[in-house]
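Student: Please take one local part of this model and examine it closely, then relate it to the remainder of the chain. I should like each criterion stated where it is applied.

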Amino acid sequence: MQTIRQQNIEHEAQALAAVIANEQAAGVEHFNSTAAVTDPFSTPFFRAVKREGFIAKLAVGGCVVLVGCGRCRKHSAAIYLKDGQAVELCPLCDRQ
Ligand SMILES: [Zn+2]
């Protein structure tokens, strides 16, 4: 049985793959494509937790601030706010 998180990740992965496939079919050059600015592993995760109501902490320029994950030690986690609480979510460690 999939968790809500896993269902959301799968939904977002399929949606992202569809956008990329449509752009490729339409002849969009890679430099201008969604594929150039997304990651098939991390992007669906970031979009999934957004669907769950987590709001990413952004830098002044509007980019998500990535931090070192306390568990896997990779520089891939982000700080999110939800219900007034700040939480660290990592695409590698928080997929359940
Ligand atoms: Zn991690």
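Tutor: Asp83 is located in the loop that joins β3 to β4 (85–89); helices (H or I, at least four residues) and strands (E, at least two) are DSSP runs numbered from the N terminus. The model is predicted, so local features are reported only at pLDDT of at least 70 and side-chain atom pairs only at pLDDT 80 or more, while totals for chains, interfaces and linings use all residues. Residues are numbered from 1 along each chain as its sequence is written.

The backbone of Asp83 has a positive phi, near 55°, in a residue other than glycine. Most residues other than glycine have a negative phi. Asp83 counts as exposed because 7 other C-beta atoms lie within 10 Å; the class requires 12 or fewer within that 10 Å, whereas buried requires 20 or more and partly exposed falls in between, with C-beta atoms placed from the backbone.

A positive phi also occurs at Arg73, at about 70°, and this residue is not a glycine. Arg73 belongs to the loop between β2 (66–67) and β3. Arg73 is exposed, since 11 other C-beta atoms lie within 10 Å.

Strand β3 leads from these loops to the interior: β3 (77–82) and α2 (42–51) each supply at least two residues of the largest nonpolar core. That core has nine residues, namely Ile9, Phe45, Ala48, Val49, Ala77, Ala78, Tyr80, Leu89 and Cys90. The term denotes buried Ala, Val, Leu, Ile, Met, Phe, Trp, Tyr and Cys residues joined through C-beta atoms within 7 Å.

Ala48 of this core touches Arg5, Asn8, Ile9 and Glu12, leaving aside residues up to four places away in sequence; contact means C-beta atoms, placed from the backbone, within 7 Å. The axes of α1 (residues 4–25) and α2 come within 8 Å and cross at roughly 125°, axes being lines fitted to C-alpha atoms, for helices over the stretch in contact, with angles from 0 to 180 degrees between N-to-C directions. The angle therefore makes α1 oblique to α2, a class left over after roughly parallel (under 35 degrees), roughly antiparallel (over 145) and roughly perpendicular (65 to 115). On the α1 side the contact involves Arg5, Asn8, Ile9, Glu12, Ala13 and Leu16, and on the α2 side Thr43, Pro44, Phe45, Arg47, Ala48 and Arg51. By class, these residues divide into six nonpolar, two polar and four charged; Ala, Val, Leu, Ile, Met, Phe, Trp, Tyr, Cys and Pro count as nonpolar, Asp, Glu, Lys and Arg as charged, and the others, Gly among them, as polar.

Ser42 is placed in helix α2. Ser42 is partly exposed because 16 C-beta neighbours lie inside 10 Å, and Ser42 touches Ser76 and Pro91, residues up to four places away in sequence not being counted. Ser42 and Arg95, 53 residues apart in sequence, are 10 Å apart in space from C-alpha to C-alpha. Glu52 sits in the loop between α2 and β1 (55–56). With 12 C-beta neighbours inside 10 Å, Glu52 therefore counts as exposed.

Over the whole chain, the pattern along the sequence is α-α-β-β-β-β. Of the 96 residues, 11% count as buried.

Technical notes
Contact = placed C-beta atoms within 7 Å.
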